[in-house]
Amino acid sequence: MDKTEKRSIRRRGIYLLPNLLTTGALFSGYYAITSAIGGRYETAVIAIFIAMILDGLDGRVARLTNTQSEFGVQYDSLSDMISFGAAPALVMYLWAFASFGKAGLFAAFVHMAGGALRLARFNAQVGTDDKRYFQGLPSPAAAAVLAGFIWMSLEHGYDISVVKYPALVLTICTGLLMVSNFRYSSFKEAQLKGKVTFFVAISVMLGIAFVMAQPEIMLFFVSLAYAISGPVITLVMRKRRLQGRKL
């Protein structure tokens, strides 16, 4: 075996840090499922939000440390499927849909299948899509809508016999939005390194304070507003294109 072959063998492996964060997100999704099976629904939804934080960190850490890899991309997608596709669907089913029978199974499956199709399409379009926008609702945002709704309902003691109907609609809608052609802002053009005005800094601090004061309400409505923003952005862009053609 020559030196070139030895070097190629030594280079094989995976980057530890970003994949460790992805594993943490995967475990959070798994823990959400097991918690829901045990009837600990508040713990389950908090685990989903923790998975969102870890999922947001792994890609950024990989870029900052120059440790991106094709393995990491595929592993991240598999983790997202569990944490943001299967986990929210199963938690929602166990919490609210068991009494619906087949209708509940269908609604939960729509969300899970939407998450799988969304991730498959995202992987297929890597490097060719517009970096400013996501096509379809991102799976973490879809999971946040369901997890936030459950958390808010539990925290305020809403009657499950009443909220299970809007929960059914939300679950089906998130699944369909993930496979839609609506455009969602990726916020990748946001510049965090530059200077901002004092007003912007105060606004950010107040926003964080509001979220910390009522996390279950704020997280639900922020994620819901983002889910609604896709159809709005798409319709506005389409209207502008039509006006441009007329001119």
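This text leads through the predicted model from its overall fold to its core and then to two patches on its surface.

The protein has 247 residues, of which 38% are buried. Its secondary structure consists of 9 helices and 2 strands. In sequence order, these elements follow the pattern α-α-α-α-α-β-α-α-β-α-α.

The interior can be taken next. The largest nonpolar core holds 45 residues, and V91, M92, W95, F97, L137 and F149 are the ones that touch the most other members. Helices α2 (16–37), α3 (41–64), α4 (70–97), α6 (139–155), α7 (160–178) and α9 each supply at least two residues of this core. The most comes from α6, which gives 11 residues. As a general matter, nonpolar side chains in soluble globular proteins tend to be buried together.

Helix α9 covers residues 215–246, and A225 is one of its residues. A225 counts as partly exposed because its relative accessible area is 46%, a value that falls between the 20% limit for buried and the 50% limit for exposed. A225 can also be paired with a residue far from it in the chain: A225 and V145 are 80 residues apart in sequence, yet their C-alpha atoms are 9.3 Å apart in space.

Helix α9 matters again for the charged surface. A patch of positive charge is formed there by R183, R238, R241 and R245. Among the contributing elements, α9 gives the most to this patch, with 3 residues. R183 belongs to strand β2, which spans residues 183–185. Why can R183 be part of a surface patch? Its relative accessible area is 32%, so R183 is partly exposed and passes the requirement of over 30% for patch residues.

The surface also carries a nonpolar patch. F198, I202, M205, L206 and F210 make up this patch, and together they have about 580 Å² of accessible area. One of them, I202, sits in helix α8, which runs over residues 198–213. I202 has 32% relative accessibility and therefore counts as partly exposed. The same cut-off of over 30% applies to nonpolar patches, so I202 qualifies for this one at 32%.

Terms used:
Residues numbered from 1 in each chain as written. Predicted model: local features only at pLDDT ≥ 70, side-chain atom pairs only at ≥ 80, totals over all residues. Heavy atoms only, no water. Patch = residues over 30% accessible without salt bridge, like charges linked within 9 Å, V, L, I, M, F, W, Y side chains within 5 Å. Areas by Shrake-Rupley, 256 points an atom, 1.4 Å probe, with all protein chains shown as cover. Salt bridge = Lys/Arg side-chain N within 4 Å of Asp/Glu carboxyl O. Lys, Arg positive; Asp, Glu negative; His and termini not counted. Charge placed at Lys NZ, Arg CZ, Asp CG, Glu CD. Helix = DSSP H or I, 4+ residues; strand = E, 2+ residues; numbered from the N terminus. Buried < 20%, exposed > 50% of the residue type's maximum accessible area, 1.4 Å probe, protein only. Core = buried A, V, L, I, M, F, W, Y, C linked by side-chain atoms within 4.5 Å.
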